[in-house]
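Me: Please walk me through a close look at the aromatic rings in this structure. I would also like to hear about the strands and cysteines that come up along the way.

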Amino acid sequence: MAKNKATTSAVNGLRAVQPLAHTQLRWTCPTAHLPFKTTKDVEPLRRIVGQDRAMEAIRLGAQIRSQGYNIYTSGVVGTGRMTTIRMLLDELKHEGAELFDLGYVQNFKQAEAPILLRFSAGEGRVYQRMLDDALAFLQRRIPALFEEDQFQQGRKAIVDEFQGAEKASLDAFDARMRPVGFVLGQLEDEEGNSTTEVFPVINDEPVHIEALDEKIAEGKVTKARAEELLEMYRTFRDELMTIRRQSMRLMQEFRKRINSYDQGAVTFLIDMAFEDVRKSFPRDRVAEHLAGVTKHLLENLDELIKLLTQRQATAGAEQIAAEEALRQFFLRYTVNIIVDNYDTKTAPVVIETAPTYASLFGTIEKRYDVRGYYVTDFTQIRAGSLLKADGGYIILNAIDVLSDVQMWTALKRVMLYGRYEIQNTDTQFQLNTLKPEWIRANVKIILLGDPQIYLALWAADEDFHKMFKVHAEFDSETPLTSTMIDNYCAFFSHLANEESLNHCDKTGAAALVEWAVAFTESQEKITLQFSYVADVMREASYFARAGGKRTISRKHVQHAIDQRHWRGNRADEEIRQQIQRGTLLIDCAGERVGQVNGLTVYSTGIVSFGKPARITATVSAGTSGIINIEREVEMSGAIHSKGVYILSGLLRSLFSRSQPMSFTASVAFEQSYGGIDGDSASTTEMVALLSAISNLPIRQDLAITGSINQKGDIQPVGGVNEKITGFFEVCKDRGLTGTQGVLLPVQNVKDLMLRDEIIEAVRAKQFWLYPIARLEEAVELLIGVPAGVRDEHGCFAPDTVFGKVQHNLTVLHEASKTK
């Protein structure tokens with residue numbers, strides 16, 4: 001690449017700025033250096049290029065498992081951040097991944113706090129299967145056990161024993177009462193329920209105690225005998241109540257004996273069912289869980305027997321309901337595996353494209369109960385992406401995470417304290433809530449975002465540097481070298497193979513490389529935003545196929561670029577037409593005091609374009625200094641306002657060393673109805689001011705762009721290609737005269753990647769580009785009068801631009817004093 005340098009020489013007192021040659025206006029890819037016929041002959045690119053710094057940062061962060069070594073990856077869109085991360089993690093995920101299965105079980109002591117079980121990878125599913133098999137065994141064997149003759153005989157013996165004891169007690173009581181005229185009998189109430197009661201015997205007939213008065217009236221018993229019977233009845237009734245209480249205690253003992261008998265038989269089954277599980281998982285927490293299951297099952301054996309009886313005694317819908325009730329009974333003894341790495345052999349890599357709090361951190365689902373309320377239990381706990389990435393990596397977009405304060409706060413807790421907590425997010429109309437046991441975090445978080453977000457978080461969040469100790473910065477461009485050209489050709493080959501696109505011939509590959517260079521606005525750089533270059537190749541392939549061609553040539557790439565510009569240049573055309581019609585006032589010929597053609601850049605997203613803008617300045621006596629009209633009406637951005645303030649410093653530097661300076665001047669972008677920002681017009685504004693003060697006219701067939709500092713040095717600007725193109729189009733529409741052109745900072749010469757028609761116009765001496773390094777060069781090119789050199793007294797020659805400015809500033813100062 002040739003170095004571009006502006007040269008000047010003195011001609012008639014003017015600094016003669018050497019215009020650029022047409023060979024300096026664009027870098028052209030040398031097709032002779034492309035050693036292939038088509039990119040089909042090139043080995044496809046299967047690695048990341050140009051991002052060595054970011055790749056090493058990612059490797060470092062991914063392999064250090066210490067707390068806080070999470071990775072923030074920054075860079076502009078299209079630099080291949082996601083592709084690079086996935087490729088590197090595919091390499092690193094095989095290295096010593098420590099994976100676990102995670103499950104929750106019922107806490108039989110505190111149901112709202114489910115207990116966590118941690119297994120080695122693959123063991124969780126095995127434990128779940130063995131536990132389910134054991135529970136299924138119990139569902140089959142317990143009903144069968146209760147039907148076995150040996151079990152029934154043992155149960156019957158206990159029943160007979162307690163029934164015999166109760167009968168013996170009542171028989172002895174009855175035997176004691178009979179000699180005195182009382183017997184035991186059954187008394188039925190209105191609902192048909194019978195109870196044992198004491199009855200007096202009158203004339204060999206048991207009589208209810210309330211019927212004594214009737215028997216006295218009938219003469220079947222005397223009043224004295226009746227009173228005697230009543231007195232004995234009260235005594236026997238008290239004794240009967242005592243016997244009843246004894247019977248109740250006996251019944252309690254009977255139930256304990258029966259339960260003990262049933263539990264003893266069922267305990268044997270449970271121990272047998274869980275024996276293999278205990279041997280396979282000899283761990284304290286598993287043992288505690290199985291002990292809790294055993295204890296709870298035995299304590300609720302009556303409920304189980306009732307459910308089993310209902311299932312056997314019903315049919316149809318009732319039987320289905322009984323089956324569901326039985327399933328729910330045993331569900332509390334299962335394990336809810338929320339992370340299952342049975343088939344996982346490497347560290348998981350999870351890409352969360354649309355995170356929500358629930359999808360990232362998990363949730364606790366709920367269901368309706370028969371009363372219409374929400375209920376939940378440990379089986380409703382669900383893992384989120386963070387847990388699914390446990391032992392590996394999760395990739396998140398910074399904007400997605402930061403847009404939800406709750407999500408960001410919870411994510412910070414994970415990174416700072418190394419623990420997950422799955423929580424209820426909505427407990428409205430819910431009868432119970434859960435707080436599952438927390439889980440130790442073991443995940444590497446990779447956050448994708450802009451550099452500005454990284455800097456903002458670093459400044460605003462005191463914990464950010466503790467959480468993201470690795471910053472992987474992706475470059476958007478890299479030096480243009482022959483190696484990078486080769487890499488791009490290999491990329492074209494890869495893309496064509498992967499997406500079944502047409503391959504490029506030499507001219508097509510060269511054109512795509514040139515576009516990649518032009519995208520950086522520098523002849524010495526090439527973009528690393530491969531996705532944008534890929535889009536151009538996809539569109540060029542489309543046009544090649546539409547034309548019946550099997551390869552992409554330069555004309556197809558150029559057609560794709562032209563079509564891309566055409567699809568997005570509606571605003572460009574509207575402004576161009578307004579200039580042609582004279583609605584927007586732009587002059588391309590003649591001269592005028594205090595008026596200069598500045599250059600601006602518009603962006604519609606995928607397309608940027610430049611257009612000239614009329615900048616004017618007026619001056620009068622006063623003390624207000626330079627008035628930035630855009631700033632006064634709040635249409636000026638901070639950088640533009642700064643540029644205008646710099647003009648005041650430059651004027652003082654030039655003219656206020658030997659004399660005071662008092663004047664009022666205004667500078668404006670004419671016919672500008674939107675906001676203005678940037679300092680690329682500060683040189684333009686300075687020339688307009690000098691013209692207005694000196695009353696010397698400015699050439700209207702030239703336009704100028706460039707920033708300026710307080711010492712008069714011209715500084716580079718952005719969008720130089722679009723700006724030159726915009727003024728060229730206006731001149732072309734009105735007819736090229738051979739004198740029109742653009743003044744640009746000398747530093748921007750290496751950034752030129754102009755269109756062929758502009759290069760051809762420069763070759764034909766119909767359009768000129770002047771590189772400038774100093775204010776004086778701009779003044780002399782635009783005004784055509786020597787700028788002037790300060791003598792030993794600090795004064796300029798009166799026939800120079802600066803001399804006239806100096807003189808007129810003195811006049812304005814004197815006039816300002818009289819006001």
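Reply: A charge counts as sitting over a ring if NZ of Lys or CZ of Arg is within 6 Å of the ring centre and within 35 degrees of the ring normal. Please keep in mind that this is a predicted model. With that rule in hand, Arg118 lies over the face of Phe100, at 4.9 Å from the ring centre. Arg419 takes up such a place over the face of Trp438, and here the distance to the ring centre is 4.2 Å.

Now for rings that meet other rings. Searching the whole structure turns up 28 aromatic pairs. One of them joins Phe182 and Phe236: the centres are 5.2 Å apart and the planes stand at 65°, so this pair is edge-to-face. An angle over 60 degrees is what earns that label. The pair links distant parts of the chain, with Phe182 in strand S6 (residues 182–188) and Phe236 in helix H6 (residues 223–280), 54 residues apart. Phe182 and Phe236 are both buried.

Phe491 and Phe492 make another aromatic pair, with 6.1 Å from centre to centre and 55° between the planes, and this pair is tilted. Phe491 is buried, and Phe492 is buried too. Elsewhere, ring pairs tie Tyr72, Tyr454, Trp458, Phe464 and Phe468 together into a cluster.

Let us go back to the strand that carries Phe182. S6 belongs to an open sheet of three strands, ordered S6-S7-S8, whose pairing is antiparallel. S6 and strand S8 (205–206) are the edge strands, each pairing on one side only. Between S6 and strand S7 (residues 194–202), the antiparallel pairing runs over seven bridges. To find one of these bridges, look at Leu184, whose partner in S7 is Val198. In general, strands of a sheet pair through backbone hydrogen bonds, either parallel or antiparallel.

On to the cysteines. The structure contains zero disulfides. For Cys489, the closest cysteine sulfur is that of Cys29, and at 6.7 Å this is too far for a bond, because a disulfide needs two sulfur atoms within 2.5 Å. Cys588 is in no disulfide either, and its nearest cysteine sulfur, in Cys731, is 4.0 Å away. Cys489 has a relative accessible area of 2%, so it counts as buried. Cys588 is buried as well, with a relative accessible area of 6%.

Two threonines in loops round off the tour. Thr28 is found in the loop between strand S2 (14–17) and helix H1 (52–63). Its relative accessibility is 49%, so Thr28 counts as partly exposed; the cut-off for exposed is over 50%. Follow the chain from Thr28 to Met753 and you travel 725 residues, yet the C-alpha atoms of the two are separated by 8.9 Å.

Thr376 sits in the loop between strand S13 (374–375) and strand S14 (381–382). At 6% relative accessibility, Thr376 is counted as buried. A polar atom of the Thr376 side chain lies 2.6 Å from the backbone oxygen of Glu365.

If you would like one place to start in the viewer, try Phe182: its ring pairs with that of Phe236, and its strand, S6, is an edge of the sheet.

Terms used: Residues are numbered from 1 along each chain as its sequence is written. This is a predicted model: local features need pLDDT of at least 70, side-chain atom pairs count only at pLDDT 80 or more; totals for chains, interfaces and linings use all residues. Side-chain values use heavy atoms; hydrogens and water are left out. Buried means under 20% relative accessible area, exposed over 50%, partly exposed in between (1.4 Å probe, protein chains only). Rings of Phe, Tyr and Trp (its six-membered ring) pair if their centres lie within 6.5 Å; planes under 30 degrees apart count as stacked, over 60 as edge-to-face and the rest as tilted. Helices (H or I, at least four residues) and strands (E, at least two) are DSSP runs, numbered from the N terminus. A polar contact is a pair of N or O atoms within 3.5 Å; within protein, one must be able to donate a hydrogen and the other to accept it, and residues adjacent in sequence count only if both atoms are side-chain atoms. Two strands pair if DSSP finds at least two bridges between them.
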